[in-house]
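Got the model open in your viewer? Let's walk through it together, from the whole fold down to a few individual residues.

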Amino acid sequence: MRNNATFLKSVNTLVQMHENGLLGGEIMPEDVLFGVVTEEEMMNVLTLAMALNYQRNSYTLWESVVKAYQDSNTKWIFEPTLAANSNIEQLREALLLHRVGLQPNRHPEIWKRVAKGIVESSEKGDVQGLVEFVQSDIAPLKAMMQGTRKSDFPYLSGPKIFNYWLYVLESYTNVSWKSRELITIAPDTHILKATVKLGLCTEEVLNGGADDRQAVATAWETALAGSGLAPIDVHTPLWLWSRAGFPPLLAS
């Protein structure tokens, strides 16, 4: 890796470029929910749909989520209690109607299991109650969702989606996490490419295997230690930088 001071200067420049709106694509996939989904329901919608945000176009997914939410015949899928207790055939039909779910067998099963996992972890039967159950602390939440009850949260418990989900809840709802430093970077394809472009990891990580993604997450934790930035703080700037084709880093 290049000189750490030089590297951190590049990272801070990238963060500044993002704040100044210089990375293009300023609208993130989940932004489409603003003004549509109520504040009370935002956590549930973000959480359930995030479990299906795997190997697909994020913009298309969230546009489908908006259509399903606005349709009185399908809005119920975002109520964890209703989804957890639903007839699987009805759930399948509702998920596929607006293409929130694409796989007719796997996606309804995942949705139902995650909904049930939420309900069984919350006195309120929703994500707000789940967050309150762990007292807004990522440490016990991580221990539960990625440890003792990992099977209750398929896909959502995976390292990439889990960490991005934590970040999205922080960004789009009133959640204020304790142990925030435990949110590692969510290493999708764009993050891997941007990490290599900055010289933090070699091109070998572009294979994108589980070990490669873990290596990238660990590298960012190490590189940002003591910098005042949490790894997840650089996720969106890196993602947009890659998506924009790596425009030159311009210090303000």
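We'll begin with the overall picture and then visit some local spots.

First, a caveat: what you're looking at is a predicted model. As for secondary structure, the protein has 12 helices and zero strands. Going along the sequence, that gives the pattern α-α-α-α-α-α-α-α-α-α-α-α.

How does the radius of gyration of the protein sit against that of a compact globule? For 252 residues, the globule rule puts the value near 18 Å, and the protein has 18 Å, so the two agree. The C-alpha trace spans about 55 × 35 × 35 Å along its principal axes. Of the 252 residues, 52% are buried. Contacts tell you about the wiring: taking those in the protein with a separation of 6 or more, 66% are between residues 24 or more positions apart.

On the outside, the protein exposes about 11,800 Å², and carbon and sulfur atoms supply 49% of that area. If you care about electrostatics, there are 22 positive and 28 negative charges, and the mean positions of the two sets are 5 Å apart.

Now zoom in on helix α5, which covers residues 88–97. Just at its start, N87 points a side-chain oxygen toward the backbone nitrogen of E89, coming to within 2.7 Å. Inside the helix, L91, R92, A94 and L95 are buried. What covers these buried residues? The cover includes α4 (80–84) and α6 (106–119). After α5 comes R99, with a positive phi near 65 degrees.

R99 has company in the backbone-angle department. S136 is a residue other than glycine with a positive phi, near 60 degrees. You'll find S136 in the loop between α7 (127–133) and α8 (138–148). Further along, S179 isn't a glycine either, yet its phi is positive at about 60 degrees. S179 belongs to the loop that links α9 (159–172) and α10 (189–197). Is S179 buried, partly exposed or exposed? Its relative accessibility is 22%, so S179 counts as partly exposed, given that buried means under 20%.

Keep that cut-off in mind for Y59, a residue of helix α3 (residues 58–70). With a relative accessible area of 19%, Y59 falls on the other side and is buried, because the buried class takes in anything under 20%. For a sense of distance across the model, pick P247 as a partner: Y59 and P247 are 188 residues apart in sequence, and their C-alpha atoms are 22 Å apart in space.

Last stop: H235, in helix α12 (residues 235–243). H235 has a relative accessible area of 3%, so it is buried. What does the side chain of H235 reach? It gets to the backbone oxygen of A186, at 3.4 Å. A186 also turns up among the contacts of H235: setting aside neighbours within four places in sequence, H235 touches Y164, I185, A186 and I191. Select H235 together with those residues and you'll see the surroundings of this buried side chain in one view.

Key: Residues numbered from 1 in each chain as written. Predicted model: local features only at pLDDT ≥ 70, side-chain atom pairs only at ≥ 80, totals over all residues. Heavy atoms only, no water. Buried < 20%, exposed > 50% of the residue type's maximum accessible area, 1.4 Å probe, protein only. Helix = DSSP H or I, 4+ residues; strand = E, 2+ residues; numbered from the N terminus. Contact = heavy atoms within 4.5 Å. Polar contact = N/O pair within 3.5 Å; in protein donor to acceptor, adjacent residues only side chain to side chain. Rg over C-alpha atoms; globule rule 2.2 N^0.38 Å. Areas by Shrake-Rupley, 256 points an atom, 1.4 Å probe, with all protein chains shown as cover. Lys, Arg positive; Asp, Glu negative; His and termini not counted. Charge placed at Lys NZ, Arg CZ, Asp CG, Glu CD.
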